[in-house]
Amino acid sequence: MDAEALVHDYLGRLEAAAGSLPPSRRAELTGEVRQHIEMALAEAGGRDEVTVRNVLDRLGPPDEIVDAERGAEGPPPAWAAAQPAAPALPSGWGGTEIAAILLLTLGAVFLPIIGPLLGLIFVWASVRWTKRQKAVATGIVVILAILPIILLLGVRAGGVVTSGQL
Amino acid sequence: MVLGETRKPLTELRRGVAEYCVLAVLRDEESYAFDIVRVLAQAGGLVTSEGTIYPLLARLRRDNLVTTSWRESDAGPPRRYYLITREGLAALDAFVADWTSFRDAVDAVLTGINRGVA
């Protein structure tokens with residue numbers, strides 16, 4: 001590779017490495033490095049291959065130059081951007097959960113049927129409880145709801161219904 | 001990054017102090033990148049990749065630690081000269097104080113270790 005081709009190749013690699021920089025800064029950086037090469041070659045007083053290779057070696061690898069844009073403790077470059085942190089899972093109980101529990105318990109006494117049904121709506125609206133927990137709660141409510149019916153049927157079958165009961 | 005495996009202490013130290021060395025070069029007179037690099041290289045081992053001076057100067061400029069102005073040159077195209085600002089001088093002074101106590105502390109520990117071994 002002749003001297004001019006070496007310079008051209010180097011600047012091409014620099015431009016590629018600088019792809020993550022803002023376009024204006026990329027243009028400025030490659031311009032500065034190009035001028036640096038020209039000054040170094042003028043100072044060396046020759047453009048032969050050995051001189052050019054020495055100048056480019058002193059400049060350092062294009063990747064290293066672009067890395068230096070970050071600085072000693074700057075933010076990581078775009079390609080190393082961390083994954084956005086997973087949203088913290090809320091824990092404990094919030095208003096929705098407390099309302100659900102109250103409606104399922106006290107609600108069953110003071111607002112039969114309506115209370116537990118509303119309670120279940122709050123259970124499923126919760127962002128803190130898992131699907132499994134919600135399913136268990138729903139199961140308990142359903143069993144408690146049909147238990148009297150089953151008992152009632154059992155009692156009927158036993159033929160011990162006394163007048164005045166239901 | 002796994003500490004101890006990929007760490008290069010000198011590279012990291014150099015990276016940490018490079019901008020203050022540049023500010024120190026600019027403390028007494030304005031200069032241009034090519035010349036700053038030459039001064040740092042002559043001081044010995046402060047710059048390994050000369051090209052990294054440009055990102056460094058751009059950062060100093062963004063942080064208002066230096067300002068720039070273009071000047072005609074006797075040979076070649078105009079050059080961008082870098083001047084240290086008041087903030088730059090303050091940052092440099094603060095670093096000099098930090099560095100002195102840091103260097104003394106490291107020296108004290110390192111010599112202590114040497115004494116212990118000997």
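What share of the 118 residues of chain B count as buried? The answer for chain B is 24%, and I will come back to where some of those residues sit, but let me first say that what we are looking at is a predicted model, with two chains that I will take one after the other before turning to the place where they meet.

Let me start with chain A, which has seven helices and zero strands, so that anyone reading along the sequence meets the pattern α-α-α-α-α-α-α. Of the 166 residues in chain A, buried residues make up 18%. If we take the contacts in chain A between residues at least 6 apart in sequence, 47% of them join residues at least 24 apart.

Within chain A, please look at the pair formed by α1(A) and α3(A). As a general point, two packed helices are described by the angle between their axes and the distance between the axes. For α1(A) and α3(A) the angle is about 20° and the axes are 8 Å apart, and these two helices are therefore roughly parallel to each other, an angle under 35 degrees being what counts as roughly parallel. The crossing in which α1(A) passes α3(A) is right-handed. On the α1(A) side the residues that take part are Ala3(A), Leu6(A), Val7(A) and Tyr10(A), and they meet Glu49(A), Val52(A), Arg53(A) and Leu56(A) in α3(A). Sorted by character, the residues of this contact are six nonpolar, no polar and two charged.

The helix that I would ask you to keep in mind is α2(A), which has 22 residues and spans 32 Å from its first C-alpha to its last, close to the 32 Å expected at 1.5 Å a residue. Its buried residues are Leu29(A), Thr30(A), Glu32(A), Val33(A), His36(A), Ile37(A), Met39(A) and Ala40(A). What covers these buried residues of α2(A) includes α1 and α3 of chain A, together with α2 and α3 of chain B, and so we shall meet this helix again at the interface. After α2(A) comes Gly45(A), whose phi is positive, near 75°.

Further along chain A, Arg128(A) lies in the loop between α6 and α7. Is Arg128(A) buried or partly exposed? It is partly exposed, because 13 other C-beta atoms lie within 10 Å of its own. Although Arg128(A) and Glu97(A) are 31 residues apart along the chain, their C-alpha atoms are separated by 8.0 Å.

Turning now to chain B, we find four helices and three strands, and from the N terminus on the elements run α-β-α-α-β-β-α. For contacts in chain B with a separation of 6 or more, residues 24 or more positions apart account for 47%.

In chain B the pair to look at is α2(B) and α3(B), whose axes come within 10 Å and cross at roughly 110°. These helices are therefore roughly perpendicular to each other, and α2(B) passes α3(B) in a right-handed crossing. From α2(B), the residues Ala33(B), Ile36(B) and Val37(B) meet Ile53(B), Tyr54(B) and Leu57(B) of α3(B), a contact that divides into six nonpolar, no polar and no charged residues.

How many of the ten residues of α3(B) are buried? Seven of them are, so that the helix is mostly covered, and the residues concerned are Ile53(B), Tyr54(B), Pro55(B), Leu56(B), Leu57(B), Ala58(B) and Leu60(B). They pack against α2 and α4 of chain A, together with α1, α2, β2 and β3 of chain B.

Just after α3(B), Asn64(B) takes a positive phi of about 60°, although it is not a glycine. Asn64(B) is found in the loop between α3 and β2 of chain B, and it is exposed, because 12 other C-beta atoms lie within 10 Å of its own.

That brings me, finally, to the interface, where 18 residues of chain A are in contact with 16 residues of chain B. On the side of chain A that touches chain B, α2, α3 and α4 each supply at least two residues, and the largest share, eight residues, comes from α2(A). The residues on that side of chain A divide into nine nonpolar, four polar and five charged.

Key:
Residues numbered from 1 in each chain as written. Chains lettered and ligands numbered in written order. Predicted model: local features only at pLDDT ≥ 70, side-chain atom pairs only at ≥ 80, totals over all residues. Contact = placed C-beta atoms within 7 Å. Nonpolar A, V, L, I, M, F, W, Y, C, P; charged D, E, K, R; others polar. Buried ≥ 20, exposed ≤ 12 C-beta atoms within 10 Å, placed from the backbone. Expected span 1.5 Å × (residues − 1). Axes fitted to C-alpha atoms, helices over the stretch in contact; angles between N-to-C directions. Parallel < 35°, antiparallel > 145°, perpendicular 65-115°, else oblique. Left-handed = near helix turned anticlockwise from the far one by under 90°.
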